[in-house]
Amino acid sequence: MNKRLFIILEMMIVGLLVFTMTVTGAFLPFDHMMTDMLYQTPRGINSRIKIIGIDEKTLAAYGPVQTWSRSRYADLIRYLNQDDQYKPMVIGFDILFSGYVEGEGREGAIKGDLDLAETAKESGNVVVVNHLLYAGHGKNQMDSEKLEGVSQPYSELADGVDTGYDNVAQDTDGTVRRILPEEEADGVHYDMFSRVIYEKYCARKGIAMRDIPTDKSGRTLINFSGKPGDYECVSLVDVLEGRIDPRAFAGSVILVGAYATGMQDNFKVPNGGSSQMYGVEVHANILQSFIDGRFAVNGNPALFGLITALLAMLLHLIFRKCNVWLDTILLLGSTALFGAVCIYLNGHGKCFSLVYFPIVAALSFVYALTVHYLSEKARKKSVLQAFQKYVAPQVVEEIAKTGDFKINLGGENRDIAVLFVDIRGFTTMSEAMEPEQVVEILNEYLGLTTKAIFDHSGTLDKFVGDATMAVFNSPFDLEDYEYKAVLAALDIVKGGEKLEEELMERFGRSVGFGVGVNCGPAVVGNVGCEFRMDFTAIGDTVNTAARLEANAKKGQVLISDVLYERLKDRLVVNEIGQIPLKGKSNGVNVFEVLGVKTEEKA
């Protein structure tokens, strides 16, 4: 399949994956975990919302709450409202006052109940809870079609105060993340406890109520302002016994409720970690969300899925085109930007899934990384296979270890040693022999020269008929390359003597080699055109080596004066003198290499 079409197919799969996961909520628990982590960070509580808790200290002083006379709550209202200048704006009781209290006699019970009802009515700033009863009695089953009834406060209290239901919706994992601000069943309208308090708060402040966004099922997501224990809470017993000045509650919204584990009014919340939040604290967070207008609703998953699918497809295309480092930066940057945008949208009333785009982006990145790796591995293997035809096996092995494949296209200036060798009398021999025999002799000769070059870490540049060209110190750096080039030349001549004997026995023909070696600057690189290129060396240094080889006799290794100056302390030579070379205006001092000095051999 065409590579471009294959990438397009990959992009379509990526987009479809993001869209499907977003619409279906494939990893909802993981999504909840991420949204809880990023959307429910503490934002600072409203100091005017205070809690008076029925805590362990209060229970120790007054006994079990079900045995109390309701006059105790009436005393609390009177204490907080004793001075009109410093009274709270609203006092909300997150306590279900259903039925009459038993334990101190019917007459006493009714007396306490009436005291609370009359005091609350006279104060004008009290709100109490009722409780909606749903089929199945599940806390997370808030559905008007399943509403069976309402547990109301006793009639004397319900008639004199505002009421609101205390139900909160729990998700399938038992966490409170959303509420139903209002409910309606059988033509009767009900408002949530915190909403009723908010309405009273706005009336006291003389401000308009905010519109609360809800989804198609009437729910809205809570943006919690505080974690468990963040809101200021004082013990009920400390207030009733006068240890806290009532002026401390001036202008505040007071929530009174259970603040002890044994009262079983605690919930798992998104920002609570392993700690649970008391119901009265949940209502404090909900109330602050009403005041701050910080609710959110789930956005359209299909539209969001389509947008993120297109972004994921574009990201995948870039992953496939760029290198690993750019891909890594892009993955981290896009994920961070995506999270920041989602947090911003949540702060402006729209909640979207956080996990599906990053999950697919990460998978796309890993896939692209794998493709890059396999492609690079294949490319390196191809390069190694190509180099094996030109350079010594040990050089190829070193390349494989270091991964150094960089060759500058178009050429680079390098100082190199160049070796040329060809067969003396090849033309005459080829005319007198069968073609098959000529090829066999040629292959023997080429095998000998190639081995000698590779043994000294040279690079086989090319075969030109019966001539062989090799370079040293190209395309990779080679230590002592001038000397290694001369050693290769000597090995060729020496090997030629043995080959000459073998060919004489087999074909009745003898061959000999003339070798020329030079060193100096040359341009090394790929020459040719777009569809046919050759890696070679060009320049005067190369031309001089070729001319030296042309002047070398059978079994002779000729080197230039430049090469001799570099190696004169290491070679045994016979000075030939200055000879003219074709294509050069001035002659070149030439030396015949007879061998290397003894210490060098050792």
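Which helix does Ala-60 lie in? Ala-60 sits in helix H3, which covers residues 56-62, and the first view below picks it up. Everything here comes from a predicted model, where local features need pLDDT of at least 70, side-chain atom pairs count only at pLDDT 80 or more, and totals for chains, interfaces and linings use all residues. Residues are numbered from 1 along each chain as its sequence is written, and side-chain values use heavy atoms, with hydrogens and water left out.

**View A. Ala-60 in helix H3.** Helices here are DSSP runs of H or I with at least four residues, strands are E runs of at least two, and both are numbered from the N terminus. Ala-60 counts as exposed, at 69% relative accessibility. On this scale, buried means under 20% relative accessible area, exposed means over 50%, and partly exposed is in between (1.4 Å probe, protein chains only). Val-18 is 42 residues away from Ala-60 along the chain, and their C-alpha atoms are separated by 56 Å.

**View B. Ala-470 in strand E19.** This strand takes in residues 467-472. Ala-470 has a relative accessible area of 0%, so it goes down as buried. What does Ala-470 touch once its neighbours within four places in sequence are set aside? Its contacts (heavy atoms within 4.5 Å) are Ala-417, Val-418, Leu-419, Ile-453, Thr-459 and Asp-461. Thr-449 is 21 residues from Ala-470 in sequence, with 9.4 Å between the two C-alpha atoms.

**View C. Asn-285 in helix H9.** Helix H9 runs over residues 279-292. Is Asn-285 buried or exposed? Asn-285 is buried, its relative accessible area being 0%. Leaving out neighbours within four places in sequence, Asn-285 is in contact with Phe-224, Ser-225, Gly-226, Tyr-231 and Met-277.

**View D. Salt bridges around Arg-243 and Arg-177.** Side chains of opposite charge can pair when their charged atoms come close. The rule used is a side-chain nitrogen of Lys or Arg within 4 Å of a carboxyl oxygen of Asp or Glu, and it gives a count of 23 salt bridges. Arg-243 pairs with Asp-238 at 2.8 Å, N to O. Arg-243 is partly exposed at 48% relative accessible area, while Asp-238 is buried at 13%. Both belong to a salt-bridge network that links Lys-57, Asp-238, Glu-241 and Arg-243. Arg-177 has its own bridge to Asp-171, with the closest N and O atoms 2.9 Å apart, and both of these residues are buried.

**View E. A salt bridge between helices H16 and H18.** How far apart are the closest N and O atoms of Glu-482 and Arg-566? They are 2.8 Å apart, and the two residues form a salt bridge. Glu-482 lies in helix H16 and Arg-566 in helix H18 (residues 561-567), so the pair ties together parts that are 84 residues apart in sequence. Glu-482 counts as buried, at 13% relative accessibility, whereas Arg-566 is partly exposed at 36%.

**View F. Backbone oddities around strand E19 and helix H16.** Most residues other than glycine have a negative phi, and most peptide bonds are trans. The bond from Ser-474 to Pro-475 is cis, with omega near 0°, and Pro-475 lies in the loop between E19 and H16. Asp-480 is in the loop between E19 and H16 too, and its phi is positive, near 55°. At 29% relative accessible area, Asp-480 is partly exposed. Ser-457 also has a positive phi, near 65°; its place is the loop between helix H15 (435-455) and strand E18 (459-464). Ser-457 is buried, with a relative accessible area of 16%.

**View G. Two surface patches, one nonpolar and one negative.** Patches take residues with over 30% relative accessible area and no salt bridge, joining like charges within 9 Å and nonpolar side chains (Val, Leu, Ile, Met, Phe, Trp, Tyr) within 5 Å. Areas come from the Shrake-Rupley method with a 1.4 Å probe, and for residues only the protein chains shown count as cover. Phe-6, Leu-9, Ile-13 and Tyr-367 make a nonpolar patch of about 350 Å². Helix H1 (residues 3-24) gives its largest share, three residues. Phe-6 is placed in H1 and is partly exposed, at 36% relative accessibility. The negative patch is formed by Glu-497, Glu-501, Glu-502 and Glu-505, and Glu-497 is in helix H16 (residues 481-507). For charges, Lys and Arg count as positive and Asp and Glu as negative, with His and the chain ends not counted; each charge is placed at NZ of Lys, CZ of Arg, CG of Asp or CD of Glu.
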